[in-house]
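I opened my notebook next to the viewer and kept a short log of what I looked up. Come along and check each entry as we go.

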Amino acid sequence: MQAYVVGGAVRDALLGLPVKDRDWVVVGSTPDEMLARGFRPVGRDFPVFLHPHTNEEYALARTERKSGHGYTGFVCHASPEVTLEEDLLRRDLTINAIARAEDGRLIDPYGGRRDLAARVFRHVSPAFAEDPLRILRVARFSARFTDFELAPETLALMRAMVAAGEVDHLVAERVWQELARGLMEARPARMIRVLRACGALARLLPELDRLFGVPQPEQHHPEIDTGEHVLMVIDHAAAGGEPLAVRWACLLHDLGKGDTPVHLLPHHYGHEAASARRAREVSERLKAPADCRDLAEMVAREHGILARAAELRAETMVKLIERCDGLRRPQRFLLMLQAAACDHAGRGRGAENASEWRPLSRWQAALQAVRAVDAGRIATECSDKSLIPQALHAARVAAVKALDKDPA
């Protein structure tokens with residue numbers, strides 16, 4: 001029995017990055033022997049075990065044979081006769097097909113170290129095409145390893161996989177999982193660019209794909225192209241360390257611009273309502289968590305009016321805060337503001353910080369003023385209880401109006 005560290009742990013160590021988890025592959029063993037050594041079985045489709053002391057995953061060396069469509073259509077074969085090289089051959093990229101022996105020796109049969117040095121994503125073998133989930137993984141890696149490029153032959157293979165309909169067999173949960181992980185990387189726009197380059201974006205997120213090439217008024221959007229604007233916005237959200245819900249909202253905030261009639265371009269009058277509807281549809285189709293779905297819909301619906309805070313009446317501002325449930329869920333309201341600030345920053349006019357978005361401080365102050373209204377006192381003083389809602393609303397409007405009179 002021989003055990004080797006494989007995959008991301010070896011790759012990241014060679015790149016000088018911190019290693020979070022280690023995965024092991026075991027050559028020359030059987031399930032019975034692993035159990036006898038105290039390992040605990042966890043694999044359902046193939047033999048994977050947890051180490052009795054470290055809890056790290058140890059998988060028996062295996063080969064795979066395609067037996068159907070999608071990422072689950074495989075027959076796995078694990079036996080003591082499967083070699084380390086055969087196990088590494090089934091992996092996705094050469095940089096993930098390097099093993100390290102327990103004595104520190106590296107086993108690199110497919111040129112992974114060469115591609116690490118060249119900063120290239122390259123598939124190990126034609127078997128890459130058997131698993132469509134690998135398209136999403138490569139796109140996600142592009143968002144994480146921002147100085148790597150995709151080998152032309154690997155991009156060509158990914159395009160062929162899309163053309164063959166392989167990505168159509170991916171289930172929503174796995175698509176969401178990979179997209180969410182990619183959005184949380186350093187440059188999520190690179191993930192979207194890779195998906196678009198291979199044609200997968202048009203199959204998985206057609207509402208986003210069709211934004212590319214859709215013009216916007218140059219005076220407001222120097223970058224003009226709506227798709228490019230969205231990519232700028234999500235990269236600004238990533239640079240600001242925003243949480244997943246904000247990044248997801250940024251990705252979907254302008255989907256309605258894809259519905260604008262051609263004769264109206266480059267203007268997109270009232271696109272917010274269509275964007276909100278599309279954002280909800282996409283979120284539900286991909287089974288996004290409720291917090292991501294709800295924030296995306298809210299940002300898409302409100303981002304236009306949020307930007308006009310300086311010209312809004314106090315009444316209008318209070319209605320928006322109430323409509324967005326800002327009184328009960330102030331943190332979500334603040335996340336909406338952060339997404340709107342990223343929308344402002346993600347435009348082609350140089351490096352601009354989302355914190356410089358002028359409406360941000362006005363909305364924050366308005367929210368604080370509205371929440372400071374003493375609802376209990378107003379309810380007590382109101383003789384006609386049916387008028388409490390109107391009295392509360394009036395008090396909130398007065399509180400926001402008072403902001404403009406405050407010399408501070």
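What share of the contacts in the protein chain with a separation of 6 or more is accounted for by residues 24 or more positions apart? I noted 64%. Before going on, I reminded myself that this is a predicted model.

**Entry 1: the whole chain**

I began with the overall numbers. The protein chain has 408 residues, and buried residues make up 50% of them. I then looked up the secondary structure and found 19 helices and 11 strands. Taken along the principal axes, the C-alpha atoms fill a box of roughly 85 × 50 × 40 Å.

**Entry 2: a sheet and one of its strands**

Next I followed the strands. Seven of them form an open sheet in the order β3-β4-β5-β2-β1-β8-β9, and the pairing is mixed. At the edges stand β3 (40-41) and β9 (106-107); each has a single partner strand, so one side of each is left without a neighbour in the sheet.

I picked β1 (residues 2-6) for a closer look. Is β1 largely enclosed or left open by the rest of the structure? Four of its five residues are buried, so β1 is largely enclosed.

Then I wrote down the partners of β1. With β2 (residues 23-27), β1 pairs in the antiparallel sense over five bridges. In that pairing I found Ala-3 opposite Val-26 of β2. With β8 (residues 99-101), β1 is again antiparallel, over three bridges. Here Val-6 stands opposite Ala-99 of β8, and Tyr-4 stands opposite Ala-101 of β8.

**Entry 3: helices α5 and α7**

On to helix packing. Two packed helices are described by the angle between their axes and the distance between the axes, so I noted both values for each pair.

For α5 (residues 133-144) and α7 (residues 172-183), the axes come within 9 Å and cross at roughly 10 degrees. That makes α5 roughly parallel to α7, because angles under 35 degrees count as roughly parallel.

Which residues of α5 meet α7? I listed Leu-133, Leu-136, Arg-137, Arg-140 and Ala-143. On the α7 side I listed Arg-174, Val-175, Glu-178, Leu-179, Arg-181 and Gly-182. I sorted the residues of this contact into five nonpolar, one polar and five charged.

**Entry 4: helices α14 and α16**

I repeated the lookup for α14 (residues 290-306) and α16 (residues 330-345), whose axes come within 9 Å and cross at roughly 60 degrees. That makes α14 oblique to α16. I also noted that α14 passes α16 in a right-handed crossing.

From α14, the contact takes in Asp-294, Leu-295, Met-298, Val-299, Glu-302, His-303 and Leu-306. From α16, it takes in Arg-332, Leu-335, Met-336, Leu-337, Ala-339, Ala-340 and Asp-343. My sorting gave nine nonpolar, one polar and four charged residues.

**Entry 5: one serine**

I ended with a single residue, Ser-275, which I found in helix α13 (residues 271-285). Is Ser-275 buried or exposed? Ser-275 has a relative accessible area of 0%, so Ser-275 is buried.

Leaving aside neighbours within four places in sequence, I found Ser-275 in contact with Leu-252, His-253, Asp-254, Leu-255, Gly-256, Lys-257 and Ala-300. My last lookup was a distance: Thr-83 lies 192 residues from Ser-275 along the chain, and their C-alpha atoms are separated by 52 Å.

Technical notes:
Residues numbered from 1 in each chain as written. Predicted model: local features only at pLDDT ≥ 70, side-chain atom pairs only at ≥ 80, totals over all residues. Heavy atoms only, no water. Axes fitted to C-alpha atoms, helices over the stretch in contact; angles between N-to-C directions. Helix = DSSP H or I, 4+ residues; strand = E, 2+ residues; numbered from the N terminus. Parallel < 35°, antiparallel > 145°, perpendicular 65-115°, else oblique. Left-handed = near helix turned anticlockwise from the far one by under 90°. Contact = heavy atoms within 4.5 Å. Nonpolar A, V, L, I, M, F, W, Y, C, P; charged D, E, K, R; others polar. Buried < 20%, exposed > 50% of the residue type's maximum accessible area, 1.4 Å probe, protein only. Pairing = 2+ DSSP bridges.
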